[in-house]
Amino acid sequence: MAAEGQSARYSTLLEAFLADVRTQITRYGRGAAWLNHARALALAMLRRHDEALRVLEEQMRLGFGKHDWRLMFEQQPAFDSLRSRREFQALLATARGQAAKEREQLRKMRADGLAAAALRRSRR
């Protein structure tokens with residue numbers, strides 16, 4: 001809609017989505033963590049960058065986004081306008097650091113023969 005010049009409609013739908021998220025959280029008790037990724041996308045698309053960054057930071061603190069960080073941070077076009085921000089770069093660095101740490105743990109487990117043993121146990 002935004003690309004087709006329907007920016008008012010685009011904004012109205014995103015604002016309605018954000019209102020629904022607030023209702024889901026406050027009235028129905030749905031956990032914010034399950035809605036934050038979509039909420040951050042909507043806020044970024046509305047150019048409410050500070051709010052979008054706060055939501056993304058909350059997601060990382062909760063542990064969400066550390067495993068799908070490439071999709072969430074690097075490949076998501078809605079976040080293009082945030083990429084140069086220091087806060088966004090910090091989130092990306094945190095996610096990359098976590099991924100590097102997990103790769104190193106897996107390398108050690110493989111070297112010690114633990115990765116194959118864990119996989120065999122999980123298949124039982």
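Let me begin with L114, which counts as partly exposed because its relative accessibility is 45%. This residue has its place in helix α6, made up of residues 114–122, and between the C-alpha atoms of L114 and W69, which are 45 residues apart along the chain, the separation is 26 Å. I should say at once that what we are looking at is a predicted model.

W69 leads me to the interior. W69 is among the residues with the most contacts inside the largest nonpolar core, a set of 24 residues in which L56, F73, F79, L82, F88 and L91 share that description. The elements that give two or more residues to this core are α1, α2, α3, α4, which covers 69–74, and α5, which covers 86–111. If we take F88 as one example and leave out residues up to four places away in sequence, F88 touches L53, L56, F73, F79 and L82, and also R83.

Now I would like to spend most of the time on helix α2, which runs over residues 36–45 and whose buried residues are N36, A40, L41, A42, L43 and A44. Which helices do the buried residues of α2 pack against? They pack against α1, residues 7–26, and against α3, residues 49–62, and I will take these two partners in turn.

With α1, the axes come within 10 Å of the axis of α2 and cross at roughly 150°. The cut-off for calling a pair roughly antiparallel is an angle over 145 degrees, and therefore α1 is roughly antiparallel to α2. The crossing in which α1 passes α2 is left-handed. On the α1 side, the residues that meet α2 are Y10, L14, F17, L18, V21 and I25, while α2 brings A38, R39, A42, L43 and M45. Sorted by class, this contact of α1 with α2 has ten nonpolar residues, one charged residue and no polar ones.

With α3, the axis of α2 lies 8 Å from that of its partner, and the two helices pack at an angle of about 160°, which means that α2 is roughly antiparallel to α3. Here again the crossing, that of α2 and α3, is left-handed. The α2 residues N36, H37, R39, A40, L43 and A44 meet H49, E51, A52, V55, L56, E58 and Q59 of α3. How many residues of each class does the contact of α2 with α3 have? The contact has six nonpolar, four polar and three charged residues.

Let me turn to the stretch that follows, in the loop between α2 and α3, where R47 lies. R47, just after α2, takes a positive phi of about 65°, and R47 does so although it is not a glycine. Is R47 buried or exposed? R47 is exposed, because its relative accessible area is 57% and the cut-off for that label is over 50%.

R47 also comes up in the surroundings of S81, a residue in the loop between α4 and α5. Leaving aside neighbours within four places in sequence, S81 is in contact with A44, R47 and H49. At 25% relative accessibility, S81 counts as partly exposed. From S81 to V21 the distance is 23 Å, C-alpha to C-alpha, with their positions 60 residues apart in sequence.

To close where the contacts meet, A44 is buried in α2, meets α3 together with other residues of its helix, and is in contact with S81.

Note on methods. Residues numbered from 1 in each chain as written. Predicted model: local features only at pLDDT ≥ 70, side-chain atom pairs only at ≥ 80, totals over all residues. Heavy atoms only, no water. Buried < 20%, exposed > 50% of the residue type's maximum accessible area, 1.4 Å probe, protein only. Helix = DSSP H or I, 4+ residues; strand = E, 2+ residues; numbered from the N terminus. Contact = heavy atoms within 4.5 Å. Core = buried A, V, L, I, M, F, W, Y, C linked by side-chain atoms within 4.5 Å. Axes fitted to C-alpha atoms, helices over the stretch in contact; angles between N-to-C directions. Parallel < 35°, antiparallel > 145°, perpendicular 65-115°, else oblique. Left-handed = near helix turned anticlockwise from the far one by under 90°. Nonpolar A, V, L, I, M, F, W, Y, C, P; charged D, E, K, R; others polar.
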